[in-house]
Amino acid sequence: MIRTLPTSKTYNRFFKFYVILYFTFLFAPLVVTCVLAFNDSQFPSLPWKGYTLDWFTANLPDRVGIFHDRINLDSIWVSFRVAFFVTLLSTTVGTCGAFLFEQEDFRFKQLLYFLMLAPLVIPGVILGISILLLSNTLGTYFETSWGVDIDLFRPGFWLVVLGQFSFIATLVTLVVSARLKKFDRTLEEAALNLGANRFEVIWHITLKFLRPAIFGAAALAFLMSFENFNTTLFLVGHEATLPINLYLQVRDGSTPVINATSFLLIVGTSLVALANLYFSRKSE
Amino acid sequence: MIVLPQIDLLVMSFRFETDDGKMIWGFSNYLQFFEEPIYWLTFVRTAIYSILVTFLTLVIALPLAFYITKVVAPKFQGFLLVLILLPFWVSELVRVYGWMILLRESGVINHFLVKLGIFQRPVEMLYQDSTMILGLVYTTMLFMVVPIVSVLESLDNSLIEAAYDLGANMWSILFKIIIPHATPGIVSGSIVVFMLTLGNYLTPNLMGGKNSLWFTEQIYNQFIASFNWNQGSAFGFLLLLLSSLIVWVGLKLTRQNLKKVVQ
């Protein structure tokens, strides 16, 4: 059954086989995508026609590599900016939220806590359309009542940021809260006794303690935002983020350029994820 | 930020346009839903498939989580966990795209099968309900494995040893000790997987065929294609209601509460 008990050979073999099968299932699509990004063929499929870097660097009439593809590059840049602002906003708000729910007591705390968790159980698509509706209502209201046209309420960059922020902040709050629960509050009291003011205590003691969690949460927020599709789909204006742009291309038919983009994405996110794991291990 | 949009969604869903272009209140958007078979059929299909996907994910994830926490040598534990986590950092779109390359008619699997002489000609494996389910199980797997791993880690090995010494066989250990202990993890994993599947747009859209319409696609169509925002809101609200309902039923059945599950 388990390590400490005697087990039959078949049982062990069966389990090993199962796990190997599972990992093949897990990695097959990713590996194939990466490998075919280097295939010298117009379509991302076998047979193998030889190794090429064309899908990254070429700038020929019949094949344009990712580094010369204006649309893809633009969308990567948009995604970066969105992810940057979402990370900034949701890390700040999420950390404050964690403080609020862990250290303070106030009326309706239970209700507010429940509302904070709500985005976890609302499907992303619903979140997208409801935010779209609200911003539309607000936009029309401002325009008919005061005759001002506020750009923020149109589908576009800032609405995407807001939409993603609305549920990523919850995740940040949960991650930071988990760390804050382990915090020994007597440390704060000691610092207060030694003459620090409230602000200094938070800056030098509490935030220092929370730093690994905050960085971890920020990395998580960045990746979540970078690859969010469901919510973004409804809020996006003319500036498409990378997932939306890739989706449009995949739907219309595939080229090895998509593989190349995917390859870059896989490598990039894996690096961020590994760095995140490494640092969170080290801090523990 | 969270509540207002939902209220607006509800309000919007009760308004509809009359023939002379005025907006009035009423239930007609919801009536429309029940009158058109294609709408509620998609709705029911989505719900049933989501439950099926959740169940499949559980069946696949449980032995794996058990293997990682209890069977494999401790030094490989961390490594295996990292391996499981890694693919899920990659965008869902990329993963679905990988499956498309593998499964399509000119895809990699077909290429090998034909080469090996198992098939005479390539077969279209993509765009079927079964591939869609495969894709959904694949994209949500992690959210089942991780909670179960974390509850199994707190399971004391001596309990299993004791049961074994007392002569219990594998199945009774599984059903009397492991599964009862893992219930909180299983419930939270199932809820997350169910929500993600229900609200998924990408995978059914790209991997499912013309016949496998997902309810989120209906919502998208109402919003973006036919610009009938009121109808779309009604659909959206129905989906929200369905998801809350099933999560609530699931929690009641297993006597868990949401707060406990989140932690």
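Visitor: Hi! Before we start, what is pLDDT?
Guide: Hello! pLDDT is the predictor's confidence in each residue, from 0 to 100. That matters here, as this is a predicted model.

Visitor: OK, so what is the mean pLDDT of chain B?
Guide: Chain B has a mean pLDDT of 71, and 71% of its residues reach 70 or more.

Visitor: Where in chain B does pLDDT stay under 50?
Guide: Look at residues 8-25 of chain B. The model has 47 contacts beyond four places in sequence for that stretch.

Visitor: New topic. Where is A:Ser262?
Guide: You'll find A:Ser262 in helix H11 of chain A, which covers residues 256-283.

Visitor: Buried or exposed?
Guide: Buried: A:Ser262 has a relative accessible area of 1%, and the cut-off for buried is under 20%.

Visitor: And which residues is A:Ser262 in contact with?
Guide: If we leave aside neighbours within four places in sequence, A:Ser262 is in contact with A:Thr33 in chain A, and with B:Val94 and B:Tyr97 in chain B.

Visitor: Back to chain B, then. Which residues of helix H6 are buried?
Guide: In helix H6 of chain B, residues 108-115, the buried ones are B:Val108, B:Asn110 and B:Leu113.

Visitor: What do they pack against?
Guide: The buried residues of H6(B) pack against two helices: H1 (9-36) of chain A and H5 (92-103) of chain B.

Visitor: Let's talk rings. How many aromatic pairs are there over all chains?
Guide: The count is six over all chains. One pair is A:Tyr22 with A:Phe23, and its ring centres are 5.6 Å apart.

Visitor: Why is that pair edge-to-face?
Guide: Because the ring planes of A:Tyr22 and A:Phe23 are at 85°, and planes over 60 degrees apart count as edge-to-face.

Visitor: Are those two residues buried or exposed?
Guide: A:Tyr22 is buried at 3% relative accessibility, and A:Phe23 is buried at 11%.

Visitor: What about A:Phe80 and A:Phe222?
Guide: Their ring centres are 5.9 Å apart and the planes are at 50°, so that pair is tilted. The pair links distant parts of the chain, with A:Phe80 in helix H3 (residues 70-103) and A:Phe222 in helix H8 (residues 198-227) of chain A, 142 residues apart.

Visitor: How accessible are they?
Guide: A:Phe80 is partly exposed at 40% relative accessibility, and A:Phe222 is partly exposed with a relative accessible area of 23%.

Visitor: Last one: which residues form an aromatic cluster with A:Phe80?
Guide: A:Phe222 and A:Phe226 form one aromatic cluster with A:Phe80.

Key
Residues are numbered from 1 along each chain as its sequence is written. Chains are lettered from A and ligands numbered from 1 in the order in which they are written. This is a predicted model: local features need pLDDT of at least 70, side-chain atom pairs count only at pLDDT 80 or more; totals for chains, interfaces and linings use all residues. Side-chain values use heavy atoms; hydrogens and water are left out. Helices (H or I, at least four residues) and strands (E, at least two) are DSSP runs, numbered from the N terminus. Buried means under 20% relative accessible area, exposed over 50%, partly exposed in between (1.4 Å probe, protein chains only). Contact means heavy atoms within 4.5 Å. Rings of Phe, Tyr and Trp (its six-membered ring) pair if their centres lie within 6.5 Å; planes under 30 degrees apart count as stacked, over 60 as edge-to-face and the rest as tilted.
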